[in-house]
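Dear colleague,

I am handing over the structure below, and my notes on what was found in it follow. Please read them with the structure open beside you.

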Amino acid sequence: MDIQQAQPNPPAAASDKRRVRVEKSLQRRHRAERRFRFIGMSAVVFGLGMVALLFISILAKGLPAFWQATVVTEVYFDPEIIRVDPRPVAQPGESPAQLREREMAWQTQVTMVNWNRILEDSLIAHLPEAASARPRVRQLVTSGERFKLRDMVVENPGLIGQRAQLKLLADANVDVWLKGNIDRSLPDAQQQLPPEVRAWADQLYERGVIQMRFSTTLFVNPDSRGSLASAGLAGAFVGSLYMMLIVILLAVPVGVASAVYLEEFAPRNRFTDLIEVNINNLAAVPSIIFGLLGAAVFINWFGMPLSAPIVGGLVLSLMTLPTVIIATRSTLKAIPPSIRQAALGIGASKVQTILHHVLPLALPGILTGAIIGVAQAIGETAPLLLIGMSAFVAAIPGTPFDQSTALPVQIYLWQGNELRNFFEARTSAAIIVLLALMLSLNAFAIWLRKRFEKRW
Amino acid sequence: MNNWVLVCVLLVAMGFAYQFGTMRSRSLVDGKARMHSRPVHHGLLVALWCGLPAFTVFLLWSLFEPGILRSAVLNQLPPDMAGLQGHELEVLMRRVQSIASGFGVSDQPAAYELAAAERLRSLQGTGRLAMIASMAVLAVTGLVYALRRLSPALRARNHVEAVFRVLLVVCSTIAILTTIGIVLSMVGEALHFFRFVNPVDFFFGTVWNPRFSTTGAGELGQFGLLPLLWGTVMVSIIALLVAVPVGLMTAVFMAEYAPGWVRALAKPIIEVLAGVPTIVYGFFALVMVGPFFHSAGLAVGLDIRATSALTAGVVMGIMIIPFISSLSDDIITQVPKAMRDGSLGLGATKSETIRKVVLPAALPGIVGAVLLAASRAIGETMIVVLAAGNSPILHANPLEAVSTVTVTIVNQLTGDIDFASPQSLVAFALGLTLFAITLSLNIVALYIVRKYREQYE
Amino acid sequence: MENDVMRASLASAEAAQNNHTPELKMSARDVRVFYGESEALHGVDLDIYANEVLAFIGPSGCGKSTFLRCLNRMNDTIDGCRVTGRIELDGEDIYDRRLDVVLLRARVGMVFQKPNPFPKSIYENIAYGPRLHGLAESRAELDEIVQRSLTRAGLWDEVKDRLDQPGTGLSGGQQQRLCIARAIAVSPEVILMDEPCSALDPIATAKVEQLITELSESYTIVIVTHNMQQAARISKRTAFFHLGNLVEVDETTKIFTTPSDSRTEDYITGRFG
């Protein structure tokens, strides 16, 4: 108290001294302010830069893979080379099993035809000097294309003796060479192709026989090991689609139902508290744990098939469930109680209130949450590896019970392929497809939110 | 195929039952009595009575039919065939099924096969007839019973709503069942594993060298957890060292400085990082970041492996940035404006206010966010699978390759899963460890964050 | 009964004021405030004299708080808020581009409606401002500032034994006095108070009011209040705001007894508000 009485009015001198002190530090403080602000801005720029770097590098690597070296040439289905019996037809008194066996024998015969020779002939028509080096010429076209010829004949035996203009995929190494994805100055020993094949490839490319054409292969073929250039995403895509469907059919209704129960019906007691804590924790459990769960429960205990989308779908559904529940609950929470009270007040039952008033209002929010959950699920890899989905599958699955891979697993498998020059681009292309799928799902969710969002 | 038809028929029947119910309910209205429930509810109740019992029979039948038929056929086989085991038995059964379905087999079937097929076919036929008949009887009985019960006083709505509620309760227990399933399966298989390996050797072992399962049980290999755990911790720490400063400063800038349009533009873009699948980050680390670090290391005379703890950690950090930034952003904006005004009113600059008042006040929440991020980093799999180099050796050099718990789980369980070998089972012991660590981190983090929210509500 | 109390306190306030010759501290000319497109304050002219207590009264939403926040540019922190006109502190335009808002706020302190102690210890709450501005060169000097500020706020005896405990643990009235102590620790020339007692109980209010009267000996105090008795008890002059206009400003006695504007009279006598 005595201090206060000593100077009831701070004298002008003291006040000035104080102001000098304040001003002295001012420059330093403003520098600190600018520095701090700059650091914050750099953090944002760093984040944005990383997004840009990620997307640009993936696009730069992946986009060229959508165009693939293709040999456009005329093929003569030489009857001298293709000598096969007519296709078997059902005999009276023959069981279906017997017919199928004869059919298979016929197919084997068709497969045994020297299709390579037909391909070689077609190429030698463009490269007369290569006539003496048939096995080399064959390296221009990917090995799977001979089955394409076979399938055409099986489909339509009338082709034999005809000529047809065909687009044949070039070998993966030819694609790599023409796109410059391998260092052209490397010595022969380190090149994947012999020198004359490289020269032929360049020559045919210049003459327009080999062209870069949009690769439908990528979208319509399943994975392939023997014929790398014909490896496609269709199998993985269909597998992912099945899993997405299962997640939508299982996780979304169950998630919404449990959210409705917890938010609208559940009494506040220890049990519901437990469910609450449990769901929040489940949402943060690493995805790989769900894979272990799937391996132990679905595969070991229930004996479900390995590598099947049905198991993958179940695992992903369990993983997505908490996301859907949390999103739905927060949407339900945002709906003002007045709406419920209004409905209850005119004599609607609780169930009617929820079905007629609350859920319709919450629908956009629920859908948005569900879509985001589904998008997350189809990008997930780790749990799928543990239930055998990393097996190589060379067919498009017909049902969710067939063996299959998924898009992210396909990316994992392709990035590990030994022919890196070819598969780095192919993997990036697969990533682009996956990201496009996820982004379109997310864009749809954002559109839904924008379109139907209500503010209270 | 046939089953689908059956289900559809049942659904159609339920539709009719609904119609009957509503019609009958309307006819009841003629009397003077006041209806308790509306026709809709009567209809639904009748449909449920018609459909549910029949559907239950259908489910039970589909579940048990194959087993019953199989044992019936097996009993009928001649004694010398009944002793068949495993694969041969499967082949025989498939042949029998194939003959029974009329598809036939390509060679001449044996007499006992034909007999078995005949029996299988007749059993299938009668079984199916019995099922369809019982379903039909139940459906009709249910329908008639429910229709007769309809009266103005019937609390049909309450009955229907009770079914609805039971359905909701069942759905919400699935989340609990999942947790129980995780714990039980992990603990069960891990205990199985500990029959081969002493838990002390597992939890405190410093060497990880499990050998291959084909080399036989004689050489068990060493299952030391510590190198893997250390690798996990190292990668996670590097990830947090990248993500926490960047994420936190991003949140601060977004919440306190950025003008509205920057916020509206930059925030969703950065959050895109959270939606990118981890396999994509793994690939990014493998083909971009790893080689970049390697050549940068060469330039300054450092030997940095392209796949190393550093590569995996940095890329994982990038992945976690939006996680930290959006959580911290929420937390920072929850700090009351009064607190900021108090500081600004004293003449503090904005950064002083943030550093000395806002951030300390938000600290508990931010700690919670960082713990959640740590749990995510520890459980992250694909980035480390691709970019950490998979070398389970105990060392402290972040420029070298490491292996983590998650990577090892993938390695041990990819390919054929043999639930009898310690080489596969160890994955569950590792999973249990991982689950315990992340669960405790999550519980602590969620608790802190919730307490923080309550403080400012 | 109530009127008697009011008269008595008015009389004492009047007696205290007549000793000083008024010295101009701050002046506002044609101050307008816009929130986005809408104008919240329509051209306010007002002079504030050194060492006076000036009260702003008026119905809620009349712009009194908005105007108060212009005086140390706290409105800068609100998005979309724009201030035109001229406000001077000791003859300097405080909205001048070259003026440092940090320095301004060190000279014009503020106490808010709800007590807002920082989530730090009591000591740190007070020491915060002096540390920022480098007012203390040693720990001893800082200790002295803390003690002096708490003493002046009448809080020293209550908290001297628990300076290291969190400021948020104090009672509402103590918290508000802590905030006042925090403001005077920077030794401002003007203290702006935005309804400082609205969140307090009557006893705590009485303490804060007494404190304001004591502080007016060394500081210029501008206080916003919705409580007319409070304005009558503690202020020398009173300004009445209505719908974004400054209706009139005069000696408190005059405002409460013979206001020149009918709106003021209606408000004082409780016809609206």
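Two strands are said to pair if DSSP finds at least two bridges between them, and the strands themselves (E, at least two residues), like the helices (H or I, at least four residues), are DSSP runs numbered from the N terminus. In that sense strand 6 of chain C and strand 7 (residues 190–194) of chain C pair in parallel over 4 bridges, and the bridge partner of Met110(C) in strand 7 of chain C is Leu192(C).

Before going further, please note that this is a predicted model, in which local features need pLDDT of at least 70 and side-chain atom pairs count only at pLDDT 80 or more, while totals for chains, interfaces and linings use all residues. Residues are numbered from 1 along each chain as its sequence is written, chains are lettered from A and ligands numbered from 1 in the order in which they are written, and side-chain values use heavy atoms, with hydrogens and water left out.

The sheets of chain C

Strands 6 and 7 belong to an open sheet of 6 strands in chain C, ordered 6-7-8-3-9-10 and with mixed pairing. Its edge strands are strand 6 (108–111) and strand 10 (245–251) of chain C, each of which pairs on one side only. From one strand to the next the twist averages 20°, where axes are lines fitted to C-alpha atoms (for helices, over the stretch in contact) and angles run from 0 to 180 degrees between N-to-C directions.

Chain C also has an open sheet of 4 strands, in the order 2-1-4-5, with antiparallel pairing. Strand 2 (38–49) and strand 5 (92–93) of chain C stand at its edges with a single partner strand each, so one side of each is left without a neighbour in the sheet. Strand 1 (residues 24–35) of chain C is joined to strand 2 of chain C by 9 bridges, the two running antiparallel, and Phe34(C) has Glu39(C) as its bridge partner in strand 2. The hairpin of these two strands has 2 residues between them, and there Gly36(C) takes a positive phi near 65°. At the other edge, strand 4 (residues 81–89) of chain C runs antiparallel to strand 5 of chain C and is joined to it by 2 bridges, with Glu92(C) as the bridge partner of Leu89(C).

Chains A and B

For chain A, an unreviewed UniProt entry lists "transmembrane region" at residues 38–60, 241–262, 282–302, 308–328, 358–379 and 429–448; UniProt positions are given in the numbering used here, with feature names shortened, and annotations may be inferred rather than shown by experiment. Of these spans, residues 241–262 of chain A are 100% helix and 0% strand, with end C-alpha atoms 30 Å apart, whereas residues 282–302 of chain A are 81% helix and 0% strand, with end C-alpha atoms 23 Å apart. In chain B, where the unreviewed entry's "transmembrane region" listings include residues 41–64 and 357–378, the span 41–64 is 100% helix and 0% strand with its end C-alpha atoms 34 Å apart, and the span 357–378 is likewise 100% helix and 0% strand, with a separation of 31 Å between the end C-alpha atoms.

Helix 12 (residues 287–301) of chain A packs against helix 6 (residues 156–194) of chain B at an angle of about 75°, with the axes 9 Å apart. The two helices are therefore roughly perpendicular (65 to 115 degrees; under 35 counts as roughly parallel, over 145 as roughly antiparallel and the rest as oblique). Among the residues making this contact (heavy atoms within 4.5 Å) are Phe290(A), Leu293(A) and Trp301(A) on one side and Ile182(B), Met186(B) and Glu189(B) on the other.

Two buried residues complete these notes, where buried means under 20% relative accessible area, exposed over 50% and partly exposed in between (1.4 Å probe, protein chains only). Ile324(B), in helix 11 (residues 309–334) of chain B, counts as buried at 1% relative accessibility. Leaving aside neighbours within four places in sequence, Ile324(B) is in contact with Ala243(B), Val244(B), Gly247(B), Leu248(B), Val370(B) and Ala373(B). Ser404(A) lies in the loop between helix 16 (382–386) and helix 17 (407–415) of chain A, and is buried with a relative accessible area of 1%.

With best wishes
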